Amino acid sequence: MQKVLQRLGNVVLILFLIISLLVLVSVVTAEREIDKPPSILGYSFLIVLTGSMEPHLSVGDLTIVKKVPFEKVLEEDVVTFRMNNSQTFVTHRVERIVDNSALETKGDANNVIDDELVTEEQLVGKVMFIVPKAGYILNVIKNPYTIAVLISIGVAIIVTNFARVIFRKRIAQER
């Protein structure tokens, strides 16, 4: 039973290290491309900052947004877009498609439709998944210092486990 738990712990640790590395790559990529959100394999991970989409999306939720062709967006889809002449990303619901060239959007909790139409160039993608409150955790993890500490701890645990296995083998050989 102890070996099963130890192996399970190792698998969880390795998965955690891989996720941390992906987040680090995402953060580095985001710093180079200011007009695009961080993306891993075509998916962007964005944190909800306002209550404009309540109750569908709450502050602190993590949205996983997939880049999709503009023509694949339908009315009632929840999309993320870059506001015109801004580096701000907004996630709202598509109310209407205007002449197959623009999207009219609105936050579920807002009383009025957004002032600007969303064009193909502004579209980031469509919200595919929502992880409630995971944005709070991602905010902590995406700090480069936190990533460095977590990776260091993970490497230390792996090295310690390998050293323990080698030490046990040497003791077994000496007997």
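In what order do the seven strands of the open sheet run? Colour by strand and read across this predicted model: S1-S2-S3-S7-S4-S5-S6, with antiparallel pairing.

Now go to the edges. Strand S1 (39-40) and strand S6 (102-106) each have a single partner strand, so one side of each is left without a neighbour in the sheet.

Stay with S6 and add S5, residues 89-98. Five bridges hold this antiparallel pair. For a landmark, select arginine 96: its bridge partner in S6 is glutamate 104.

Next, bring up helix H2, residues 134-141. H2 packs on the sheet and touches strand S2 (43-47), strand S3 (62-66) and strand S7 (123-131). Look down the helix and compare directions: H2 makes about 100° with S2.

S7 is worth a stop of its own. With S3 it runs antiparallel, joined by five bridges, and lysine 66 sits opposite lysine 126 of S7. With S4, S7 is again antiparallel, through three bridges. Pick lysine 126 once more here, since that residue is also the bridge partner of valine 79.

Time for side chains. Select Val68, Phe70, Val73, Val79, Phe81, Val90, Val94, Leu103, Val118 and Leu123: these ten residues are the largest nonpolar core. Strand S4 (78-82) and S5 each supply at least two of its residues.

Centre on leucine 123 and show what surrounds it. Beyond its neighbours within four places in sequence, the contacts of leucine 123 include Lys67, Thr80, Phe81 and Leu103.

Last stop: a separate core of eight residues lies apart from the largest one, with Leu46, Val48, Val78 and Val124 among them.

Notes:
Residues numbered from 1 in each chain as written. Predicted model: local features only at pLDDT ≥ 70, side-chain atom pairs only at ≥ 80, totals over all residues. Heavy atoms only, no water. Pairing = 2+ DSSP bridges. Helix = DSSP H or I, 4+ residues; strand = E, 2+ residues; numbered from the N terminus. Contact = heavy atoms within 4.5 Å. Axes fitted to C-alpha atoms, helices over the stretch in contact; angles between N-to-C directions. Core = buried A, V, L, I, M, F, W, Y, C linked by side-chain atoms within 4.5 Å. Buried < 20%, exposed > 50% of the residue type's maximum accessible area, 1.4 Å probe, protein only.
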